Structures are given as structure tokens and as C-alpha cells.
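Reader: I would like to go through this structure and hear the grounds for each label. Please set each value against its cut-off.

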Amino acid sequence: MRYFIVDAFADHVFQGNQAGICLVEQPMEEMVMQNIAAENNLAETAFISRNGKDFNLRWFTPEVEMDLCGHATLASAYVLSTFVDTSLEAMKFHTLSGVLTVTKRGELFEMDFPARKPIETTVDIRMMEALNAPVLEAHRSRDMLLLVESEDCIRSLQPNLALLSQIPDCFAVIVTAKGDEVDFVSRFFAPNAGIPEDPVTGSSHSTLIPFWAERLQKSGMVAKQLSKRGGTLYCEDCGERVKISGHAVSYLSGEIHI
């Protein structure tokens, strides 16, 4: 099985978020895909198979299957349009979150995702204890979005992951603030999914984009995720949908022997 590692939301290797991309030609059992993802030990491994003119796409962390993943979707589109069919400009992926479209626009890959606008909830003392920082507001969608006071606060965070994993009724925790040179910044932690900190997270921006579009009163925004590797995302609020764009670069190609 052909296999690639791609750095998504990156202009150069060793930046952005790594995704493993598997091109599946024969039906594959779910447990095999989960075992491959655990063996790869990347934040996400994606499995692509043909669906007529479209593609099926599934995403796995080392521990669980995901319902939505941005960076591995972007990386999948990059692999298909670079190594499989260079004429591809618009790609449709059938996923657990419905049909997702990725359009190649020059060197950018633009993803059309469902918006996941969060609902404000009560700030719990455990949130601040987990972050070791003041939390101004808390908002819930699939993930818990915690607003803090500044970009400097985001950069200096040293969260207690054991406490973060105990925040109830959320898959992961997004910490965000208004940016100094971009519209907004964030970091993303998902210890319960085997991802202590995700370098750059497309799916979290399904929540971040409507949140900040309302705050900033603008639809087009530039965001940065301030992990060690870091990454830039070009964002657009479209109501019920969001558009998330970024670059990608290839790090590795090879074969998985199973």
C-alpha cells in the first residue's frame, strides 16, 4: 500500500502538522487501519479509497477514529493532486462529517467544512487549574474553547494534561486569543485521543472561525496555531460552512507491507 507523510499548513518540511496518508486499493478492516495509525504514531493517519469519481476518506489517531480532521484532509488532497492525478483541482471526500470538498487554488488547498459554532458555558475552576492561566470565557462545541487574554499567554501555556483530560463532555480543548499580527491564535490539546498537543488543527477552526468572525465582525481572517512546529491558516466564515486554506509539503513516500 502506497504511503506518504505530508506536512500540512506548512511552507517547508519540519513545520505544520504531519499526516500519514494511505492509498487503499482493497477493502480494509477498521482494526487494521487503527493498528496502522498506532504503528505510525502520528496525530492522524488518513485512508483514501476510490468512490466513483470521488474518494472515501477516514481518519485515525493512534487510539481512535475521528469524525473530522482538517490537516489530514488537506494532506490527502495534496497527495492525490501531486502523486496520483496532477489534473485534479477539485476533490470530493465522503467522510463521517458528510461530503467535504477541497479545491486547489494555486499553491493553496481550500477546504469546505461544516461550521461548529460553540455555545457559551460556565468557566470552571478546573479549566484554570488545568491551564495554569486565567480563563476569560468558555464555549462548547465538539471541543471546549477557552478564551484567554493574549497571544503571549497562549505562547507561554504549560497545561496540566492530566487535568485537561478531566474536563467533562468535550473531545479536546482549544485555547485561543486575539492575535498580535494575525486575527487570532490558538493551541489544541487532546490527551484523551492520544494527542497531547496537536501542531496545527483544521477541525478546531470549524469552531474558531465562527467564534472569531462574530467577535471581529469580519468573514475573512488569518490565523496561526502556536505550537512548537506552528502553522498558518487562511479562514473564511460562510455561515453554515467555513473555508480553511493552507499549504502542504511532502516529507516521505514509501510502501506499507501488510
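Author: The model is a predicted one. A place to begin is the surface, where Val13, Phe14, Tyr251 and Leu252 make a nonpolar patch of about 380 Å².

Reader: What makes Tyr251 partly exposed?

Author: Its relative accessible area is 44%. Partly exposed covers values between 20% and 50%, so Tyr251 gets that label at 44%. Tyr251 is placed in strand β18, residues 248-255.

Reader: How do you know that there are zero disulfides?

Author: The whole structure was searched and zero were found. A disulfide needs two cysteine sulfur atoms within 2.5 Å. For Cys69, the closest cysteine sulfur belongs to Cys22 and is 13 Å away, so the two are too far apart for a bond. Cys235 is in no disulfide either, with the nearest cysteine sulfur, in Cys238, at 11 Å.

Reader: Why are Cys69 and Cys235 called buried?

Author: Buried means under 20% relative accessible area. Cys69 has 3% and Cys235 has 5%, so both carry the label.

Reader: What makes His71 buried, and what is around it?

Author: The relative accessible area of His71 is 1%, which is under 20%, so His71 is buried. His71 sits in helix α2, residues 70-84. Leaving aside neighbours within four places in sequence, His71 is in contact with residues including Ala8, Phe9, Asn17, Gln18, Asp198 and Gly202.

Reader: Why is the pair of Glu65 and Arg58 called a salt bridge?

Author: The N to O distance between the two side chains is 2.8 Å. The cut-off is 4 Å between a side-chain nitrogen of Lys or Arg and a carboxyl oxygen of Asp or Glu, so the pair qualifies. Glu65, at 24% relative accessibility, is partly exposed, and so is Arg58, at 29%. The structure holds 14 salt bridges.

Reader: What makes the pair of Arg215 and Glu137 a salt bridge, and which parts of the chain does it link?

Author: The closest N and O atoms are 2.3 Å apart, within the 4 Å limit, so Arg215 and Glu137 form a salt bridge. The pair links distant parts of the chain: Arg215 belongs to helix α6 (residues 205-216) and Glu137 to strand β10 (residues 137-140), 78 residues apart.

Reader: How do you know whether Arg215 and Glu137 are buried or partly exposed?

Author: The boundary is 20% relative accessible area. Arg215 has 37% and is therefore partly exposed. Glu137 has 18% and is therefore buried.

Reader: How do you know that Glu151 forms a salt bridge with Arg155?

Author: Their closest N and O atoms are 2.9 Å apart, and that is within 4 Å, so the pair counts. Both residues lie in helix α4 (residues 151-156), four residues apart, about one turn of the helix. Glu151 has a relative accessible area of 9% and is buried. Elsewhere, Asp67, Arg116, Arg142 and Asp143 are joined into one network by salt bridges that share partners.

Reader: How many aromatic pairs are there, and why is the pair of Phe4 and Phe83 called stacked?

Author: The search of the whole structure finds eight. In the pair of Phe4 and Phe83 the centres are 4.8 Å apart and the planes are at 25 degrees. Centres must lie within 6.5 Å, and planes under 30 degrees apart count as stacked, so this pair is stacked. Phe4 is in strand β1 (residues 2-8) and Phe83 in helix α2, so the pair ties together parts 79 residues apart in sequence. Phe4 is buried at 2%, while Phe83 is partly exposed at 31%.

Reader: What makes the pair of Phe55 and Phe93 tilted?

Author: Their ring centres are 6.0 Å apart, with planes at 35 degrees. Stacked requires under 30 degrees and edge-to-face over 60, so the pair is tilted. Phe55 is in strand β4 (residues 54-60) and Phe93 in strand β6 (residues 90-95), 38 residues apart. Phe55, at 3% relative accessibility, and Phe93, at 0%, are under 20%, so both count as buried.

Reader: Which residues do ring pairs link into a cluster?

Author: The cluster consists of Phe4, Tyr78, Phe83 and Phe109.

Technical notes
Residues numbered from 1 in each chain as written. Predicted model: local features only at pLDDT ≥ 70, side-chain atom pairs only at ≥ 80, totals over all residues. Heavy atoms only, no water. Buried < 20%, exposed > 50% of the residue type's maximum accessible area, 1.4 Å probe, protein only. Helix = DSSP H or I, 4+ residues; strand = E, 2+ residues; numbered from the N terminus. Contact = heavy atoms within 4.5 Å. Patch = residues over 30% accessible without salt bridge, like charges linked within 9 Å, V, L, I, M, F, W, Y side chains within 5 Å. Areas by Shrake-Rupley, 256 points an atom, 1.4 Å probe, with all protein chains shown as cover.
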